[in-house]
Amino acid sequence: MRSIQRRLGIGLAATLLLVGLVLAQASLWVFDRGLRAYLEEDLRDEAQGLLAALVRGPSGLQLDERRLDPSFQRQFSGHYFRIDFSDRSWRSRSLWDRELLKPEGTGMQAELGDGPQGQRLLVYRADYRRYGENLSISVAQDYQPILQSFRRMQWVGLGLGGAALLLILIAQRYTVRRALRPLEQVRQQIAQLQQGRRSDLDAEVPEELESLVAQINHLLAHTEDTLKRSRNALGNLGHALKTPLAVLISLAGREELAAHPALRASMREQLEQIEQRLSRELGRARLAGEVLPGARFDCAQELPGLFETLSMIHDRGLSLDWQAPAGLVLPRDREDLLELLGNLLDNACKWAQQRVQLTVEESAEGYRLCVDDDGPGIDAERREAVLGRGTRLDEQVAGHGLGLGIVRDIIEAWNGRIELQDSPLGGLRVLVSLPRR
C-alpha cells in the first residue's frame with residue numbers, strides 16, 4: 001500500500017492542477033469575451049465613421065478618403081473594411097489584392113475570419129441606408145497579436161502555476177510530516193514495548209490518537225492479565241497432576257505386577273511419557289505467556305554472573321570465557337536467555353576437557369550465539385537425531401549429553417534456528433541464530 005504522504009501529495013497535486021487549469025482557462029475565456037466586447041465598440045465606431053465618409057459626388061456616392069483612418073490606407077495594417085452595395089463593393093487599400101469575405105449576419109461575428117498573411121480577424125458588420133441606397137459595411141481588425149499574447153500568458157501562467165504547485169507540495173509534505181510525527185512516536189514506543197523497555201504507551205498524544213493509544217493500553221493490560229491467569233491455571237493443573245502421576249508411577253513398580261512384566265513396562269513407559277509431556281507443555285505455556293516482553297538481556301551485566309555460577313558448579317579447573325560486543329543488549333526476555341544459555345553452557349561444561357567459550361555476535365540479520373567446547377563432540381551423522389522432534393529431554397547421545405527440549409522450544413518461540421557443528425576448539429559447537437524480531 002502506498003504511503004499516506006504520497007497519496008495526499010498526489011491527490012493534492014492532481015486537484016490543484018485540475019482547478020488551476022480550469023481557473024486559468026476560465027479566466028482567459030472571460031478576458032477574451034470582455035476584450036471582444038470592448039473591440040466591438042471600436043469596430044462599430046469605425047463602421048459609423050465609414051458611413052459618415054460616404055458623400056454624394058458627381059457620379060453618385062463616393063468615399064471621402066480624407067475622413068478615413070490612415071490604417072485603412074497602409075498595406076496589411078490589420079485594419080480592413082468592405083462596403084457592399086446592391087451592384088458593387090469597395091475594399092480598403094490595406095487589403096491590397098486580398099479579399100475580405102462578407103459576413104452573413106450583422107453585428108460581431110462569433111468566429112474569427114481569415115485575413116491576409118495568416119491574420120485572424122475580428123469582423124463586425126452593420127447594414128445602413130445612405131442617400132436612398134442600401135449598403136453593408138464590414139470592418140475587421142487583426143486579432144492575432146492578442147491571441148499570441150494569450151498564448152504567452154498561458155505559458156507564463158503554467159510556469160508560475162508549476163512553481164506555485166511545487167511550493168505547495170513542499171509545504172504540504174512538511175505539514176504532513178509534522179502531522180504524522182506523533183504516529184512515528186507511537187511506532188517507536190511500540191518498538192520499545194517489543195524490546196521490553198516499557199510496559200504501555202504514553203497517554204500524552206494528539207486528540208486524534210487518544211482513543212487509539214487508550215485502546216492499545218487497555219488491550220495490553222487485558223492481554224497481560226489473561227496470560228497471567230492462564231499461566232497460573234496451567235501451573236496449578238500441572239502441580240495438581242504431579243502427585244497422582246507420581247503415585248501411579250510408584251504403583252507401576254509394585255511387586256503385584258511382577259508376574260506381568262510386559263504390562264508393567266508398558267505402564268511405566270506411558271506414565272513417563274505423560275510426565276515428560278506434562279513438563280514440556282508447562283514449559284511451552286510459560287514461553288507462550290511471554291507475549292508482553294520483559295527485561296532485556298544485557299550481556300555485560302548478565303554473563304559474568306552466569307559464568308561465575310558455572311565455575312562454582314563445575315569446579316574442576318575449566319577455562320570458561322565469553323566474548324560479546326561492548327554494550328550489546330539482546331532484545332529477548334532475560335529469564336529465557338539465561339535458561340537457554342545456562343542449559344547449553346552446562347552441557348558444554350559436562351563434556352569439555354579444559355575449555356568452554358561463548359561468543360555473541362550481532363549482524364544485519366540478527367544475532368549469533370556460539371557455545372564451543374573441546375570435548376568429544378558428536379558424530380555428524382548423529383547430530384540430526386539429537387535435534388529431531390522426538391528427542392527426549394534426558395536423552396544421552398554418543399557420549400555427549402544435551403537437554404535440548406526447553407532450548408528448542410525457546411528458540412522456536414523466537415523463530416530462531418539451532419545447529420550442531422564442529423568446534424574450532426576440537427569438540428562441539430552449538431550455534432543459535434536469532435532474528436532481530
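Reader: In which helix does Leu21 have its place?

Author: Leu21 belongs to helix α1; helices here are DSSP runs (H or I, at least four residues), numbered from the N terminus. This is a predicted model, in which local features need pLDDT of at least 70 and side-chain atom pairs count only at pLDDT 80 or more, while totals for chains, interfaces and linings use all residues. Residues are numbered from 1 along each chain as its sequence is written, and side-chain values use heavy atoms, with hydrogens and water left out.

Reader: Is Leu21 buried or exposed, or in between?

Author: Leu21 is partly exposed, its relative accessible area being 46%. Buried means under 20%, exposed over 50%, and partly exposed in between, with a 1.4 Å probe and protein chains only.

Reader: Which residues form a nonpolar patch with Leu21?

Author: Leu17, Trp155 and Leu158 join Leu21 in a nonpolar surface patch, together offering about 470 Å² of accessible area (Shrake-Rupley method, 1.4 Å probe). Members of a patch have over 30% relative accessible area and no salt bridge (a side-chain nitrogen of Lys or Arg within 4 Å of a carboxyl oxygen of Asp or Glu), and nonpolar side chains are joined within 5 Å. Helices α1 and α2 each supply at least two residues of this patch.

Reader: How should aromatic pairs be read, and how many does the whole structure hold?

Author: A pair of aromatic rings is described by the distance of the centres and the angle of the planes. The search finds 3 such pairs; ring centres must lie within 6.5 Å, and planes over 60 degrees apart count as edge-to-face. One of them joins Phe31 and Phe150 edge-to-face, at 5.6 Å centre to centre and 70 degrees between the planes. Phe31 lies in α1 (residues 4–53) and Phe150 in α2 (residues 144–195), so this pair ties together parts 119 residues apart in sequence. Phe31 is partly exposed at 45%, whereas Phe150 is buried at 9%.

Phe85 and Trp90 also pair edge-to-face, at 4.9 Å and 65 degrees. Phe85 is buried at 8%; Trp90 is partly exposed at 21%.

Reader: Which charged end sits over the ring of Phe85?

Author: That of Arg88, 4.2 Å from the ring centre; the criterion is NZ of Lys or CZ of Arg within 6 Å of the centre and within 35 degrees of the ring normal. Likewise, the charged end of Arg332 sits over the ring of Trp414, at 5.6 Å.

Reader: Why is helix α8 described as largely enclosed?

Author: Of the 9 residues of α8 (residues 405–413), 7 are buried, so the rest of the structure largely encloses this helix. Among them are Ile406, Arg408 and Asp409. Just after α8, Asn415 has a positive phi of about 60 degrees.

Technical notes
Rings of Phe, Tyr and Trp (its six-membered ring) pair if their centres lie within 6.5 Å; planes under 30 degrees apart count as stacked, over 60 as edge-to-face and the rest as tilted. Patches are made of residues with over 30% relative accessible area and no salt bridge: like charges are joined within 9 Å, nonpolar side chains (Val, Leu, Ile, Met, Phe, Trp, Tyr) within 5 Å.
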